[in-house]
Amino acid sequence: MADLMNNDVFLAFSTYATIVVLKMMFMSPLTGYFRITRKVQLKKMLQTNPDVERVRRCHQNDLENIIPFVVIGLLYAFTGPDLSTALLHFRVFVGSRFIHTVSYVLALPQPSRGLSWVVGMITTFSMAYRVLTTALLL
Amino acid sequence: MADLMNNDVFLAFSTYATIVVLKMMFMSPLTGYFRITRKVQLKKMLQTNPDVERVRRCHQNDLENIIPFVVIGLLYAFTGPDLSTALLHFRVFVGSRFIHTVSYVLALPQPSRGLSWVVGMITTFSMAYRVLTTALLL
Amino acid sequence: MADLMNNDVFLAFSTYATIVVLKMMFMSPLTGYFRITRKVQLKKMLQTNPDVERVRRCHQNDLENIIPFVVIGLLYAFTGPDLSTALLHFRVFVGSRFIHTVSYVLALPQPSRGLSWVVGMITTFSMAYRVLTTALLL
């Protein structure tokens, strides 16, 4: 245990994973906020509001992208990469997801949302590549 | 490895994380059970049944809350908290999610569902706070 | 850290977890591909296409099953199982999810999809059983 807390890459992963998961959790109260301000009643679920649906899709997109980052990022941290390379991956991913959320929720013109999504995907693929080339045992 | 299995906080985390993830997995067969008993045919997906939709939303809520707990709880276990404090966090979270599921599926009157959701969120935030104050490396 | 990278069960888990998470991530571009080829316009979200909806449900099913595997599989790897037993679990699970995806996306006749889903569930339950009998601390 003490071992892990002395490992800078693991500390950096802990920090960025926690930040980006907290961001993901923030989507729940944000959906509630939009639901109240857009006066969508839960009793009438068939009545959908475009703003509420956008926040919900953004939350779903977070689940689909942030969870793979957390899983692959943890395994990546154990492959012993350079701290600077690891920090670059973590910062780019977390930054891309914040831009993605702002683009999605505020419905900013494309390609801001699409581009931030692609950047996050590439970052995760890059870490997955290192995991598979370093720790392969099929 | 042996190191981790001798660490009581990690053992407690393993136990509670496994229990709450099994509870989440149980939502799939439960949805199927409601689908059959409420005679909802998959061929006609547009016909939605309120009971089936409630179980599905409960499952989605689990994904949105239990996964953050598992990620942040694992990192929290590595920060070396007191066993009693850690057990308190794990027990309150897992208990809150069982109450949340029962409240949701049986459509119990509020605030049982809302309150159990908030308690789970606060527990995860409390662990995230310790991770960020103990293991910060930006 | 070096400790973990010398542990064969952990290496095998890293490999299979990365592969199956990459498979899950692949569902996003696949949804986009179906959306374009089936000419579904995002502006008119109410118009749903059965092929696109099938890929989306498959992605959701991945989230509901692959994430429990990753969480319980990681904890299972720490319980120190035999490499051959661990490999059997990881291979059966990952294989079952690939069969599940192909069955779902191509709409193959049942029971291919249902059976592959059940096999994946049983594999995860088997690992959860070992975690709870080896690492129990309530």
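Me: A crossing is called left-handed if the near helix is turned anticlockwise from the far one by less than a right angle, and right-handed if clockwise. Which hand has the crossing of helix 2 of chain B and helix 6 of chain C?

Reply: Happy to help: this is a predicted model, where local features need pLDDT of at least 70, side-chain atom pairs count only at pLDDT 80 or more, and totals for chains, interfaces and linings use all residues. Residues are numbered from 1 along each chain as written, chains are lettered from A and ligands numbered from 1 in the order written, and side-chain values use heavy atoms, without hydrogens and water. Helices (H or I, at least four residues) and strands (E, at least two) are DSSP runs numbered from the N terminus. The crossing of helix 2 of chain B and helix 6 of chain C is left-handed.

Me: How do the directions of these two helices relate?

Reply: Helix 2 (residues 8-25) of chain B packs against helix 6 (residues 112-134) of chain C at about 155 degrees, with axes 10 Å apart. Angles over 145 degrees count as roughly antiparallel, under 35 as roughly parallel, 65 to 115 as roughly perpendicular and the rest as oblique. Helix 2 of chain B and helix 6 of chain C are therefore roughly antiparallel.

Me: Which symmetry axis relates chain B and chain C?

Reply: Superposed by least squares on C-alpha atoms of residues with pLDDT of at least 70 in both, chain B lies on chain C with an RMSD of 0.0 Å. The operation is a turn of 120 degrees with a shift of 0.0 Å along the axis. That, nicely, is the relation of a three-fold axis.

Methods. Axes fitted to C-alpha atoms, helices over the stretch in contact; angles between N-to-C directions.
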